[in-house]
Amino acid sequence: MVSFDDTFRRQLHDLFVWRRDVRRFRTDPLPDGTIERLIEIACLSPSVGLSQPWRFVIVDDKTRRRAVIDDFKACNADALRSYSGERATKYAALKLSGLEEAPGHLAVFAEKTDRIGAGLGRATMPETSEYSVVAGICSMWLAARAEGIGIGWVSILNPERIHGVLEIPASWKFIGYLCIGYPQTECDRPELEQAKWESRRGPDEFTIRR
Ligand SMILES: Cc1cc2c(cc1C)N(C[C@H](O)[C@H](O)[C@H](O)COP(=O)(O)O)c1[nH]c(=O)[nH]c(=O)c1N2
């Protein structure tokens, strides 16, 4: 049996508050095996029917990394064009990926056709495969922060191009691209809040009763 005391619960709460989406990384390398260990933690996460649909691609190859960075730049330029006025000025000033500096790159996919789990829980909601993979990413995100490692999720990418760059099986669905490394700074507020793009709102705004 394992039990958790108040001290642990307070620390866990601090972990939730202090986990950040990190875009500003130090360039020093991660100790060998760090990403593999974070993947192990992700694999402890809940998944629909225990289907474990997560698929991880550690991207070390410089040419592929460069192609991902180029894709980010193209997608980010497109995104900027969708804003105008003050929003466009603000958007242009945001740093929305740490792809250039982060020592670790990890692409995450969902395999929706695998027989693991025998389809349990997915018949009416096939999207639960993707939800399961996101649950895995969240575990990894928190576990990393507990060791002072930052993760930044990059979604400003073209999934088809990422598939091509990484030569990924067609049945894997792209979920997200993670930058992993040591953060330059720590903060208890999202960077988008600090940049006055959006602010974190209270749960009352998102909760109803029936
Ligand atoms: C699915 C998904 C996709 C993205 C993100 C998150 C998630 C969950 N976030 C990070 C996002 O901006 C961030 O989580 C919020 O701003 C809240 O900040 P903290 O994570 O609390 O620091 C994110 N950030 C960024 O700079 N570039 C990106 O492309 C994305 N994409």
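## Layout of the chain

Along the sequence, this predicted model runs α-α-β-α-α-β-α-β-α-β-α. The radius of gyration is 18 Å, close to the 17 Å from the globule rule for 210 residues, so the chain is as compact as a globular protein of that length. In total there are 7 helices and 4 strands. The C-alpha trace spans about 50 × 45 × 45 Å along its principal axes.

Of the 210 residues, 25% are buried. Contacts reach far along the sequence. Among those between residues at least 6 apart, 85% join residues at least 24 apart.

A UniProt annotation, from an unreviewed entry, reads "domain: Nitroreductase" and covers residues 18-182. Over residues 18-182, the chain is 40% helix and 17% strand. The end C-alpha atoms of that stretch lie 14 Å apart.

## The nonpolar core

Which residues have the most contacts inside the largest nonpolar core? They are Val-108, Ile-151, Cys-179 and Ile-180, in a core of 33 residues. Each element in the table below supplies at least two residues of this core.

| Element | Residues |
|---|---|
| Helix H2 | 34-42 |
| Helix H3 | 62-81 |
| Strand E2 | 104-111 |
| Helix H5 | 128-146 |
| Strand E3 | 150-154 |
| Helix H6 | 159-166 |
| Strand E4 | 172-181 |

Strand E4 gives the most, with 7 residues. Ile-180 belongs to E4. Leaving out residues up to four places away in sequence, Ile-180 touches Leu-30, Ile-35, Ala-102, Gly-104, Leu-106, Ala-144, Ile-149 and Ile-151. Ile-151 is also listed among the core residues with the most contacts.

## Around the ligand

The ligand is surrounded by residues from several parts of the sequence. Arg-20, Asp-21 and Arg-23 are among them, and so are Leu-96 and Ser-97. The run Trp-153, Val-154, Ser-155 and Ile-156 also takes part. Gly-176, Pro-190 and Leu-192 complete the list. By type, the shell divides into 6 nonpolar, 3 polar and 3 charged residues.

## A loop glycine

Where does Gly-49 sit? Its place is in the loop between H2 and strand E1 (54-58). Gly-49 has 17 C-beta neighbours inside 10 Å, so it counts as partly exposed. Beyond residues up to four places away in sequence, Gly-49 touches Gly-117, Ala-118, Gly-119, Leu-120, Gly-121 and Arg-122. Glu-147 is 98 residues from Gly-49 along the chain, and their C-alpha atoms are separated by 30 Å.

Technical notes: Residues numbered from 1 in each chain as written. Predicted model: local features only at pLDDT ≥ 70, side-chain atom pairs only at ≥ 80, totals over all residues. Near = placed C-beta within 6 Å. Nonpolar A, V, L, I, M, F, W, Y, C, P; charged D, E, K, R; others polar. UniProt positions renumbered as here; feature names shortened; annotations may be inferred. Rg over C-alpha atoms; globule rule 2.2 N^0.38 Å. Buried ≥ 20, exposed ≤ 12 C-beta atoms within 10 Å, placed from the backbone. Contact = placed C-beta atoms within 7 Å. Core = buried A, V, L, I, M, F, W, Y, C linked by C-beta atoms within 7 Å.
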